[in-house]
Amino acid sequence: MAGVADVRRRVLMISGAIDTTDHDVSVSVNLPEPGRWQVIKSETNLTDKTWVAMQVVTDEDSTFVNDADTLVLSRQFSKSFMTPDQRRLTFYDGEVRPGEAVLKVYSLDAGGRKPTYSYSRYSPIATDTAEQSQQTLEELIGNGMKQRPVIELIVPVTVIG
């Protein structure tokens, strides 16, 4: 994974790929300065499973921005859910098949220059019925995905602008 931070526009763009289904991915970035940043994140699904939901959880010093002027969207998922404390954001109602890329856009209020956030993905269990998968998904959206073993990444960020 690699990132670019445009200081004038306050945009952080990160791209890369994920090739694990058994781990969450913790991403740490070095920002040029703390504050509000629009995050544009793209990653490719290099696993053999279809993702039907993605969750992002911030560290204790950062929150997601939830106001009428801020984009929170994904090209692959038509819905999103943010917790009232603005620390967990879940994208759902869509899918990312093996080999496809997912694009997410949201804003982050970073309390420091080194925010860390973790990504979890949900893939239905092959032996579950459609109803069981839907019930599991609804529970994961409301309660959050249970943390799995974590792969930690420090994403290099090139500063422009």
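**Exercise 1.** Leaving aside its neighbours within four places in sequence, which residues is G3 in contact with?

*Solution.* Before starting, note that this is a predicted model, in which local features need pLDDT of at least 70 and side-chain atom pairs count only at pLDDT 80 or more, while totals for chains, interfaces and linings use all residues. Residues are numbered from 1 along each chain as its sequence is written, and side-chain values use heavy atoms, with hydrogens and water left out.

Step one is to place the residue: G3 sits in strand 1, which covers residues 2–6; strands (E, at least two residues) and helices (H or I, at least four) are DSSP runs numbered from the N terminus. Step two is to list its contacts, a contact being heavy atoms within 4.5 Å: with the sequence neighbours set aside, G3 is in contact with M13, I14, V155, P156, V157 and T158. Step three is to look at one of these partners, T158, which is 155 residues away along the chain although the two C-alpha atoms are separated by 6.3 Å. Finally, G3 has a relative accessible area of 5% and is therefore buried, since buried means under 20%, exposed over 50% and partly exposed in between, with a 1.4 Å probe and protein chains only.

**Exercise 2.** Describe the order of the elements and the overall dimensions of the chain.

*Solution.* First count the elements: the chain has one helix and 13 strands, and along the sequence they follow the pattern β-β-β-β-β-β-β-β-β-β-β-α-β-β. Next take the dimensions, for which the C-alpha atoms fill a box of roughly 50 × 30 × 25 Å along the principal axes. The radius of gyration is 15 Å, which agrees with the value near 15 Å for a compact globule of 161 residues; the radius is taken over C-alpha atoms, and the globule rule is 2.2 Å times the number of residues to the power 0.38. Last, of the contacts in the chain with a separation of 6 or more, 77% join residues 24 or more positions apart.

**Exercise 3.** Find the residues with the most contacts inside the largest nonpolar core, and the strand that gives the most to this core.

*Solution.* A nonpolar core is a set of buried Ala, Val, Leu, Ile, Met, Phe, Trp, Tyr and Cys residues joined through side-chain atoms within 4.5 Å. The largest has 26 residues, and those with the most contacts inside it are L12, V27, V29, F64, Y106 and Y117. Several strands each supply at least two residues, including strand 2 (11–18), strand 3 (24–29) and strand 11 (116–122), but strand 10 gives the most, with four residues. Taking Y117 as an example, its contacts beyond four places in sequence include I14, V25, V27, V29, Y106 and L108. Apart from this core lies another of eight residues, among them V52, A53, Y92 and L137.

**Exercise 4.** Is Q76 buried or exposed, and is R8 buried or exposed?

*Solution.* Begin with Q76, which lies in the loop between strand 7 (73–74) and strand 8 and, at a relative accessible area of 11%, is buried. Among the residues that Q76 touches, not counting those up to four places away in sequence, are D93, G94, V96 and L103. Turn then to R8, in the loop between strand 1 and strand 2, which counts as exposed at 62% relative accessibility. As a last step, R8 and T47 are 39 residues apart in sequence and 36 Å apart in space, C-alpha to C-alpha.
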